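Visitor: I'd like to go through the labels people put on this fold and hear what backs each one up. Can you walk me through a few?

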Amino acid sequence: MQNFECKLGTRVVFGEGRENEVGKYVAGYSKKVLIHYGGDYLKEYGILDRITKSLEENNIEYVIFDGVVPNPRLSLVNEGIKICRKQDIDFILAVGGGSAIDSSKAIALGTMYDGDVWDFYTGQATPEKALKVGVVLTIPGSGSEMSESSIITNEKENLKCGIDTEVIVPEFAILNPEMCYTIPPYLLSCGIADTLTHLFERYFTPTKNVVITDYLIEGAMKALLEIGPKLKEDPKNYDYCAEFMWIATIAHNGTMDVGRASDWGSHRIEHEISALYDITHGGGMAIIYPAWMKYVKNQDIDRFNQLATRVFGVDNTDKEEAADQGIKKVEEFFRTLGLKTTLTEADIPLDRFEEMAEKAVGEAGFVGRFKRLEVKDIIEILNIAK
């Protein structure tokens, strides 16, 4: 196990109707906030009204700024920065899923920075401060509600880049499982897939002697594999929604990867696909992850065998055959969610693999820690995913 530091800085407010208390939690930080979101469903289901009512009851002014879309755009972030500066806003309330939260974090960074906020996402600058951010989570899956991550798409350059910094960890996250009732079926499937791949990224590690986190990750994966199909069949079951919402959060809040190196190679590959073709991230991961698994399995066949036997219940004494069966079960699970598992099925063009691979590796020249992937490796993975 590696040396590590761990700080879980977000207050989680979990349960039925808890969004009605948001004003109480905001009041400890601000008297004027930006409410940042996207999607008409917030108005349709009265979610926005409940939030603004709570803010008003706590004498908090607010400015509403909508327009968030999947793969949140840099142009919208820059617009939000201008609003915050002009309106003297000192707190951002993200309402939605990962896109709204990541966009809010970017606005929080940019408002406190004299340069271009994109500098942070390209590594040209290191953030030292940001506005405080709070979250009302409505679409689980990204885990951004407790993470130090933000991922933004620069639509002019067809680039999707991320940053990890503790200055954007949300102060609080309100998780009401009832919010899941409003999620469209496809986005629910994408959220489940995204959550599973977050667990995979941590599971496939080069670090040895990480038994405790292995079992934690395996337990979370088994719970998700059990709950996911039930939730798809009964999407307004409060208990299923509660289980999924919490699994998605802990999958990406740092608990699962203490003391171990996580991989993230496949995420970097997918980012280039969604940057070019705007596929929802979880949908893209359902395509890339099985292909990545097929390509890297011999890097550590014992780990793939462990996943297959412990998590997917494969009963085969031949390690390589068991590994292959486990990968097949991963693909089958994504398909039971109604997701595509090839680029062709998802209508993704097959003529820009080299461009995507070069963008994925960037200046470092490689991605991934479980297996170091260079341009030629990524092109091969994309070919497997065809």
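**Strands and a helix pair**

Guide: Sure. Strand 2 (residues 32-36) runs parallel to strand 4, and the two are joined by four bridges. Keep in mind that this is a predicted model.

Visitor: What makes strand 2 and strand 4 a pair?

Guide: Pairing takes at least two bridges between the strands, and here there are four. One of the matches puts V33 opposite F91 of strand 4.

Visitor: Which strand do six bridges join to strand 4?

Guide: That's strand 5 (residues 132-137), again in the parallel sense. There, I92 has V133 as its bridge partner.

Visitor: Why is strand 4 called largely enclosed?

Guide: A residue is buried at under 20% relative accessible area. Six of the six residues of strand 4 (residues 91-96) are buried, so the rest of the structure largely encloses it.

Visitor: On to the helices. How do you know how helix 7 is oriented against helix 13?

Guide: Helix 7 (residues 185-203) packs on helix 13 (residues 319-336) at about 155°, with the axes 10 Å apart. Angles over 145 degrees count as roughly antiparallel, so that is the label for helix 7 against helix 13. Their crossing is right-handed.

Visitor: Which residues make the contact?

Guide: Helix 7 brings I192, A193, L196, T197 and F200, while helix 13 brings V330, F333 and F334.

Visitor: And how do the residues of that contact divide into nonpolar, polar and charged?

Guide: Seven are nonpolar, one is polar and none is charged.

Notes
Residues are numbered from 1 along each chain as its sequence is written. This is a predicted model: local features need pLDDT of at least 70, side-chain atom pairs count only at pLDDT 80 or more; totals for chains, interfaces and linings use all residues. Side-chain values use heavy atoms; hydrogens and water are left out. Axes are lines fitted to C-alpha atoms, for helices over the stretch in contact, and angles run from 0 to 180 degrees between N-to-C directions. Angles under 35 degrees count as roughly parallel, over 145 as roughly antiparallel, 65 to 115 as roughly perpendicular and the rest as oblique. A crossing is left-handed if the near helix is turned anticlockwise from the far one by less than a right angle, and right-handed if clockwise. Contact means heavy atoms within 4.5 Å. Ala, Val, Leu, Ile, Met, Phe, Trp, Tyr, Cys and Pro count as nonpolar, Asp, Glu, Lys and Arg as charged, and the others, Gly among them, as polar. Buried means under 20% relative accessible area, exposed over 50%, partly exposed in between (1.4 Å probe, protein chains only).
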